Structure formats: C-alpha cells, structure tokens
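Visitor: Could you take me through one part of this molecule up close? I'd like to see how a small sheet and its helices sit together, and then meet a few single residues.

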Amino acid sequence: LIGILFENRKQKFSNMHSDLPGLIAKYCSESEVKKFIHVSAIGANANSKSFYQQSKFSGEQKALNNFKNTIIIRPSVVCGVEDNFTNLFAKLSMSPVIPVVKTTYKFQPILVNDVATAIVKAIEIKKNEGKIYEIGGPKVINFGNMVKSILNSIGKKRLVIDLPMPLAKIQALLFSLMSKPLLTKDQCEILNEADNIVSNNHLTLKDLNIKPTDVQQAMSKWLWRFRNGGEFAKI
C-alpha cells in the first residue's frame with residue numbers, strides 16, 4: 001500500500017514504488033507467505049513520460065518476478081473520508097474560480113472501502129496468483145464534472161475553468177517549491193496520457209464479485225463539514 005504522489009529529498013518514486021515491493025516480494029518467496037497483495041495504480045506503464053507511472057509498473061514487475069504468488073491491484077482514483085482529492089477541491093472552493101488541469105481527463109473514482117474489500121476478496125479467491133485486477137467505481141466521469149460534483153455536495157457554486165497545459169506546467173514549477181505541492185510536472189504528464197479508467201485487458205471487480213459504491217453519492221457523507229465554511233478554518 002506504500003506510495004507517494006511527489007518526490008522529496010528522502011523519498012523517491014524508484015525507492016518507494018519499485019525497489020520496496022520488489023524487496024517485500026523477495027522476502028515473501030523466502031518465507032511461508034501464501035499471497036502478496038501489491039496495490040499499484042491504473043496507468044502503470046513502462047513507456048509513460050511520468051516517473052510515477054514508470055515506477056509503478058517497475059514495482060509490479062519486480063514483485064511478480066520475485067514472488068509467483070503476487071497479486072496486483074490497480075485502482076483508479078481512490079476516494080474516502082480523509083482523501084487528498086475530494087477534500088482538496090472542497091477546500092479550494094474558498095476561491096470564486098477553480099482552475100482544473102485538463103477538465104476532459106476521465107477517471108473512475110472508487111471508494112476506499114471497496115478497495116479494502118477487493119484486497120480481502122483477492123486473498124480469499126483461489127488460483128488467482130500472478131493476476132492483475134484493475135478496479136474502479138460504477139461511473140466514469142471527467143475531471144471538470146467531478147469537481148463540479150464536489151462543489152454541489154457542499155452547496156457551493158464556483159466557476160470551474162480549464163487550465164491550459166503549458167500554464168499548468170509553469171504553475172507546477174512554482175508549486176515544486178512547496179513541501180507538499182498541489183500540482184507537479186509529473187502529474188501534468190499523467191494528465192496528458194491515457195484516461196484513468198478500467199481497461200478490458202485485466203480482471204475487474206466483477207471477478208471479485210463486488211458491486212462498487214457510487215462515490216458521488218457517498219462523498220456527501222464526509223464533505224458535509226465544508227458546508228457553511230465549517231472546515232475552512234483548519235486549512
């Protein structure tokens with residue numbers, strides 16, 4: 001489950017996403033471990049321009065090569081009570097205008113509870129060693145509409161605009177000076193590539209007999225605290 005969204009002086013994509021799962025898988029092969037569940041990400045790709053996606057794919061390969069009973073789970077954007085996605089854009093509603101990089105980018109948000117259930121089911125199911133599951137929620141939605149849905153959940157009306165990629169990369173350069181950047185150049189590369197949705201190339205939630213929860217409906221249960229400015233004082 002260990003992963004990072006941006007690099008810093010101590011934590012690098014190669015160490016966290018590639019070397020670490022490979023090392024754990026090696027230890028699994030030397031012990032009496034029955035299965036190793038490695039959570040990666042949809043979009044993991046050796047040919048990606050994103051170092052995040054490259055490292056995710058490398059970690060998958062090392063885990064599978066080092067331990068034959070490894071199972072890979074690739075979720076789309078994971079949402080939940082303490083996530084850094086829905087909560088971030090709820091906080092950004094303080095501004096009358098919310099810029100979004102590539103509003104047309106599609107993903108398939110999945111509730112963290114469903115990801116946890118998928119992990120348990122993957123452990124329980126027999127003869128799925130070496131398999132890859134791509135998992136997402138019941139709806140495919142683009143970035144712009146997802147932000148509007150978040151705003152609707154907290155009763156806010158804001159102007160959501162598409163931020164051109166060249167401008168987004170300049171903004172990412174400025175954000176890189178922050179300890180926790182809101183946007184990175186690497187994330188811009190991800191948004192420039194294929195949509196973050198479940199493909200037809202791997203197993204899915206159906207193979208785990210899981211009916212996913214509608215994230216757009218569920219998020220109102222944790223975003224309510226942003227209504228009437230109740231949570232903004234903590235930003």
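## A sheet and its helices

Guide: Let's start with two helices: α1 (residues 13-29) packs with α2 (residues 51-66) at an angle of about 10 degrees, and their axes are 8 Å apart. Before going on, note that this is a predicted model, where local features need pLDDT of at least 70 and side-chain atom pairs count only at pLDDT 80 or more, while totals for chains, interfaces and linings use all residues. Residues are numbered from 1 along each chain as its sequence is written, and side-chain values use heavy atoms, leaving out hydrogens and water.

Two packed helices are described by the angle between their axes and the distance between the axes. Axes are lines fitted to C-alpha atoms (for helices, over the stretch in contact), and angles run from 0 to 180 degrees between N-to-C directions. Helices (H or I, at least four residues) and strands (E, at least two) are DSSP runs, numbered from the N terminus. α1 and α2 are therefore roughly parallel to each other; angles under 35 degrees count as that, over 145 as roughly antiparallel, 65 to 115 as roughly perpendicular, and the rest as oblique.

Who meets whom here? On the α1 side you'll find F13, H17 and P21, among others, and on the α2 side the residues include F51, Y52 and K62. Contact means heavy atoms within 4.5 Å. The residues of this α1 and α2 contact divide into six nonpolar, nine polar and four charged. For that split, Ala, Val, Leu, Ile, Met, Phe, Trp, Tyr, Cys and Pro count as nonpolar, Asp, Glu, Lys and Arg as charged, and the others, Gly among them, as polar.

Now for the sheet. It is open, with three strands in the order β1-β2-β7 and parallel pairing. β1 (36-39) and β7 (132-135) are the edge strands, each pairing on one side only. On average, neighbouring strands in this sheet are turned by 20 degrees against each other, direction ignored. Strands count as a pair if DSSP finds at least two bridges between them. Here, β1 and β2 pair over four bridges, and β2 (residues 70-75) pairs with β7 over four bridges too. Look for I73 in β2: V39 stands opposite I73, and the bridge partner of I73 in β7 is Y133.

α2 comes back at this point, because it packs on the sheet and touches β1, β2 and β7, its direction making about 160 degrees with that of β2. Helix α4 (residues 112-124) also lies across β1, β2 and β7, running at about 160 degrees to β2. Over on β1, both faces are covered: F36 and H38 on one side, and I37 and V39 on the other, are all buried. Buried means under 20% relative accessible area, exposed over 50%, and partly exposed in between (1.4 Å probe, protein chains only).

Finally, some single residues. A search of the whole structure finds zero disulfides, a disulfide being a pair of cysteine sulfur atoms within 2.5 Å. C79 is in none, and the nearest cysteine sulfur, that of C188, is 20 Å away, which is too far for a bond. C79 is buried at 1% relative accessible area, and C188 is buried at 0%. S149 sits in helix α5 (residues 143-153) and is buried as well, at 13%. Not counting residues up to four places away in sequence, S149 touches Q216 and M219.
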